[in-house]
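Got your viewer open? Turn on the cartoon view, keep the selection box handy, and let's take a walk through this one together.

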Amino acid sequence: MTKCSSLIVAVTTTLVVVSGFSTTTASKKVVVTGAAGKTGKLVFQALLEDPNYEPVGLVRTPKSARKLVKETSCGLDHVMVCDVTTLHQTPTDGNVVDDDDSTMGCSGAEAMIICTSAVPVMKKWSLAKAFAKIPWNMIRRKKAFDFRSLRFGFREGQYPEKVDYEGQMAQIDLAKKAGIKQVVVISSMGGTDPTNFLNSIGKNPDGTGNGDILLWKRKAERYLVESGLYYTIIHPGGLKDTPGGVEEFILDVDDALLQRKPRSISRADVAQLAVAALSVADQNNVSFDCITTAAAAAEEEDSSSTTPKSAEEVLEDFLKLGKTANYKL
């Protein structure tokens, strides 16, 4: 057994072995990790629809692989199964892991887009407690259901340190082994603030536990910055499941956008930024925050056009400013 069973995709009851990945000379092969997630799937789909790219989606389980194939109608050679949290583990079965085995699915790839992230799950006891308090809250004429009382954590083995730090470092190392030159990471805003609410998820009242998701993400980002690879690190604000291309992009650095309200962005727009980075920033190193707003279009109501700039245009403009995140913060 190897640490990365990346070449076996269970599609029905039969195991299909993917021996390689067919590319054309006119397209750019891109590995998308976390391709079964909400944002990762949008990135993967956007690349599938673009003739300039040949994406291969990396997913954690055969179940996720089957679902991705069904929902995107992609070919089997576009999917590989690999649990990135195990890539840095020392084998316990006595078998030696061949480096070629874990990189075969990435052979010929020029770029990698990392979309993996630890995913918080609601603790059922907190939901039951919130429902139980509804009658008492109504008697006191308070909001019947208190969403702020809900508590979240992470599944066993899928903690931020494991997924967002060790897992991302393993993916960066995998990219280097495979000869990939450019890595794009979809991370999160808030990494400069240890007290950010998101860091409390998974922690116990005394501060112990498996939290600090933003801090672990930032550590992995530093690892990428020092890797020698070309990189683009995207820090989106609050993610929305809404159509992209509707609002204006706003880019900045070092969590300056946290001062704005609202500070959100659609997953579709984040996916477009990630894809744009493959061409616009393919030989640049940049780390930035991003949100969208309808304000810019509203203020230009006298203009002949209120069509928002594309992700490519916005990223090109931002690169000209020479701004990037300060990892000394």
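Here is a tour of the sheet, the helices beside it, one buried side chain and a few unusual spots in the backbone. Keep in mind that the model is predicted.

**Stop 1: the sheet**

Start by colouring the strands. You'll find an open sheet of eight strands with mixed pairing, and reading across it the order is β5-β4-β3-β6-β9-β10-β14-β12. Which strands sit at the edges? Select 79-81 for β5 and 248-252 for β12: each of these edge strands pairs on one side only. Step from one strand to the next and the twist averages 25 degrees.

**Stop 2: from the β5 edge inwards**

Now select residues 53-59, which make up β4; this strand and β5 run parallel, paired over three bridges. Click on Leu58 and you'll see Met80 of β5 standing opposite.

Next, show helix α1, residues 38-48. This helix packs on the sheet and touches β3 (28-33), β4, β6 (111-114) and β9 (182-186). Compare directions, and α1 makes about 155 degrees with β4.

**Stop 3: the β6 neighbourhood**

Select β6 and show its side chains. In a regular strand, side chains alternate between the two faces of the sheet. What covers the picture here, one face or both? Both faces of β6 are covered, with Ala111 and Ile113 buried on one side and Met112 and Ile114 buried on the other.

Look to the neighbours too. β3 pairs with β6 in the parallel sense over four bridges, and Thr33 stands opposite Ile114. β6 and β9 are also a parallel pair, with four bridges; there, Met112 has Val183 as its bridge partner.

**Stop 4: a tucked-away glutamine**

Stay in β9 and pick Gln182. Is this residue buried or exposed? Its relative accessible area is 2%, and since anything under 20% counts as buried, Gln182 is buried. So what does its side chain reach? Draw a distance to the backbone oxygen of Ala277 and you should get 2.9 Å; the backbone oxygen of Ala281 is reached at 3.4 Å. Show the surroundings as sticks as well: the residues that Gln182 touches include Lys28, Glu110, Tyr230, Thr232 and Asp282.

**Stop 5: on to β10 and the other edge**

Select residues 230-236 to light up β10, where six of the seven residues are buried. Five bridges join β9 to β10, and the two run parallel. Find Ile186 and you'll see Ile234 of β10 opposite.

Then head for helix α10, residues 311-321. This helix lies across β12 and β14 (286-293), running at about 25 degrees to β12.

**Stop 6: a charge over a ring**

Select Lys219 and Tyr165 together. Lys219 lies over the face of Tyr165, 5.9 Å from the ring centre.

**Stop 7: backbone oddities**

Most residues other than glycine have a negative phi, and most peptide bonds are trans. Here are some places that go the other way.

- Asp212 has a positive phi, near 60 degrees, without being a glycine; look in the loop between β9 and α7 (213-225).
- Asp254 also has a positive phi, about 55 degrees, and isn't a glycine. Its place is the loop between β12 and β13, and at 26% relative accessibility Asp254 counts as partly exposed.
- Pro262 follows a cis peptide bond from Lys261, with omega near -5 degrees. You'll find Pro262 in the loop between β12 and β13 (264-266).

Note on methods:
Residues numbered from 1 in each chain as written. Predicted model: local features only at pLDDT ≥ 70, side-chain atom pairs only at ≥ 80, totals over all residues. Heavy atoms only, no water. Pairing = 2+ DSSP bridges. Axes fitted to C-alpha atoms, helices over the stretch in contact; angles between N-to-C directions. Contact = heavy atoms within 4.5 Å. Buried < 20%, exposed > 50% of the residue type's maximum accessible area, 1.4 Å probe, protein only. Polar contact = N/O pair within 3.5 Å; in protein donor to acceptor, adjacent residues only side chain to side chain. Lys NZ or Arg CZ within 6 Å of the ring centre and 35° of its normal. Lists of a residue's contacts leave out its neighbours within four places in sequence.
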